[in-house]
Amino acid sequence: MEITNVMEYEKIAKEKLPKMVYDYYASGAEDQWTLQENRNAFSRILFRPRILIDVSKIDVSTTVLGFNISMPIMVAPTAMQKMAHPDGELATARATSAAGTIMTLSSWATCSVEEVASTGPGIRFFQLYVYKDRNVVRQLVKRAEEAGFKAIALTVDTPRLGRRESDIKNRFALPRGLTLKNFEGLDLGKIDKTNDSGLASYVAGQVDQSLSWKDIKWLQSITSLPILVKGVITAEDARIAVEYGAAGIIVSNHGARQLDYVPATIMALEEVVKAVEGRLPVFLDGGVRRGTDVFKALALGASGVFVGRPSLFSLAADGEAGVRKMLQMLRDEFELTMALSGCRSLREISRNHIKTDWDFPHYLPAKL
């Protein structure tokens, strides 16, 4: 089968992966309304393309936290990638580096920060869950810093794990031979089979439910790395993130895996962008499957997007080559969207290039 768009990787991944693994990657919380909405909301944003503009040269490059990258498309943190492919996070690291963009490594990776660093140069961020044992967090942040990671993406929407019914039905556990490599020497690396989701039990036992805004200051005291706050979907929290010195915000609903019936991230984006008033960059994570989605996010004020499930499914389908192709397809589609919209650089993408269904009133049909 010739792959012509990113969504086709999911079908291949579903055929190749064990049911427990595919369901873990693909499913959302409870009714999975937000999971569908993360995609559907993009279809309610339409283009207002400008014509007769010389688009013979288009520049899709940008900077994130001062780092030059080839495009505003980055890889989101996704856990346990060796369930998808034997090379796991190492393949993803090599592919993102080759694409000239940023990879975010999950705390719950099946390759360690040191192993990922050993794949060669690349700009990498580290996603952090704060454990009850703060010494574990200190050690982990220090290791990420020493391994050359450039920022911490602090996940703030997971004091408890969302109710993911597929994982409960499948009694999700880490397959034999795999561990959470970053915690291996700390007796925190196993997710065993339970009468529920093994991951939910693990989170309940290890992750600090008392995490609060003051812990941003605590993190700043143990690392010099910039801290991105991942999981903000309201203006109120965006303003507080600015006050506490966050380096950036990632608008995310955790791939619709936490609280169901929250808005799609693309719906929440503009509210957050307006609230920060340009004081820090805002990124979008969730639902991006097309270059057109990337353009829409930037038009609504995002400085870039992160893709999660497309990375996993392309990894499962074809390893490093799959992730490379996935990133290239998104880049090519995005560049084409820019050309057909009359934009030659990211600076030229504006709110005037789109209209949304919330820009104009829904008129009732005229009475007969």
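A residue counts as buried when its relative accessible area is under 20%. By this criterion Tyr129 is buried, because its relative accessible area is 8%. The structure described here is a predicted model. Tyr129 lies in the loop that connects β6 (124–128) with α6 (134–146). Leaving aside residues up to four places away in sequence, Tyr129 touches Ser107, Trp108, Val137, Thr155, Thr158 and His254. The last of these contacts, His254, also appears in the record annotations.

In the UniProt record, an unreviewed entry, the feature "binding site" is listed for Tyr24, Tyr129, Arg164, His254 and Arg257. The lining of the largest pocket includes each of these residues, namely Tyr24, Tyr129, Arg164, His254 and Arg257. The same unreviewed entry places the feature "active site" at His254. Such annotations may be inferred rather than shown by experiment.

The largest pocket itself has a volume of about 750 Å³. It is lined by 40 residues, of which Tyr25, Gly255, Arg257, Gly308 and Arg309 are the closest to its centre. Two or more lining residues come from each of the elements α1 (8–16), α2 (19–26), α3 (33–40), β11 (304–307) and α13 (309–341). Among the contributors to the lining, α3 gives the most, with five residues. In chemical character, the lining divides into 19 nonpolar, 13 polar and eight charged residues.

The surroundings of His254 were then examined. His254 is found in the loop between β9 (248–252) and α11 (265–276). With a relative accessible area of 11%, His254 falls under the 20% limit and is therefore buried. Residues up to four places away in sequence again being left out, His254 touches Tyr129, Thr155, Asp157, Thr158 and Arg164. Two of these partners, Tyr129 and Arg164, are listed with His254 under "binding site" in the UniProt entry. The side chain of His254 is joined to that of Asp157 by a polar contact of 2.9 Å. In its backbone, His254 has a phi near 60 degrees, which is a positive value in a residue other than glycine.

A further link to His254 is made from strand β9. Ser252 is found in this strand, and its side chain reaches the backbone nitrogen of His254 at 3.0 Å. Ser252 is buried, because its relative accessible area of 1% is under 20%. Apart from residues up to four places away in sequence, Ser252 touches Asp157, Lys230, Gly231, Val232, Ile233, Thr265 and Asp285. Asp157 is thus a contact of Ser252 and also a contact of His254.

The loop between β9 and α11 contains Ala256 as well. Although Ala256 is not a glycine, its phi is positive, at about 65 degrees. Ala256 is also buried, because its relative accessible area is 1% and the limit is 20%. A positive phi in a residue other than glycine is therefore found in this loop at His254 and at Ala256.

Two helices provide further examples of burial. Helix α12 (residues 291–299) is mostly covered, with eight of its nine residues buried. The buried residues are Gly291, Asp293, Val294, Phe295, Lys296, Ala297, Leu298 and Ala299. After α12 comes Gly301, which has a positive phi near 110 degrees.

Ala93 is placed in helix α4 (residues 88–99). Its relative accessible area is 0%, so Ala93 is buried. When residues up to four places away in sequence are not counted, Ala93 touches Met103, Val116, Thr119 and Arg124. Between Ala93 and Asn253 the separation is 160 residues in sequence and 24 Å in space, taken from C-alpha to C-alpha.

Definitions and conventions
Residues numbered from 1 in each chain as written. Predicted model: local features only at pLDDT ≥ 70, side-chain atom pairs only at ≥ 80, totals over all residues. Heavy atoms only, no water. 1 Å grid on protein atoms, 1.4 Å probe; cavity = no way out; pocket = protein on both sides within 12 Å on 5 of 7 lines; lining within 4 Å. Points joined across faces, edges and corners; volume = space filled by probe spheres on them. Helix = DSSP H or I, 4+ residues; strand = E, 2+ residues; numbered from the N terminus. Nonpolar A, V, L, I, M, F, W, Y, C, P; charged D, E, K, R; others polar. Buried < 20%, exposed > 50% of the residue type's maximum accessible area, 1.4 Å probe, protein only. Contact = heavy atoms within 4.5 Å. Polar contact = N/O pair within 3.5 Å; in protein donor to acceptor, adjacent residues only side chain to side chain.
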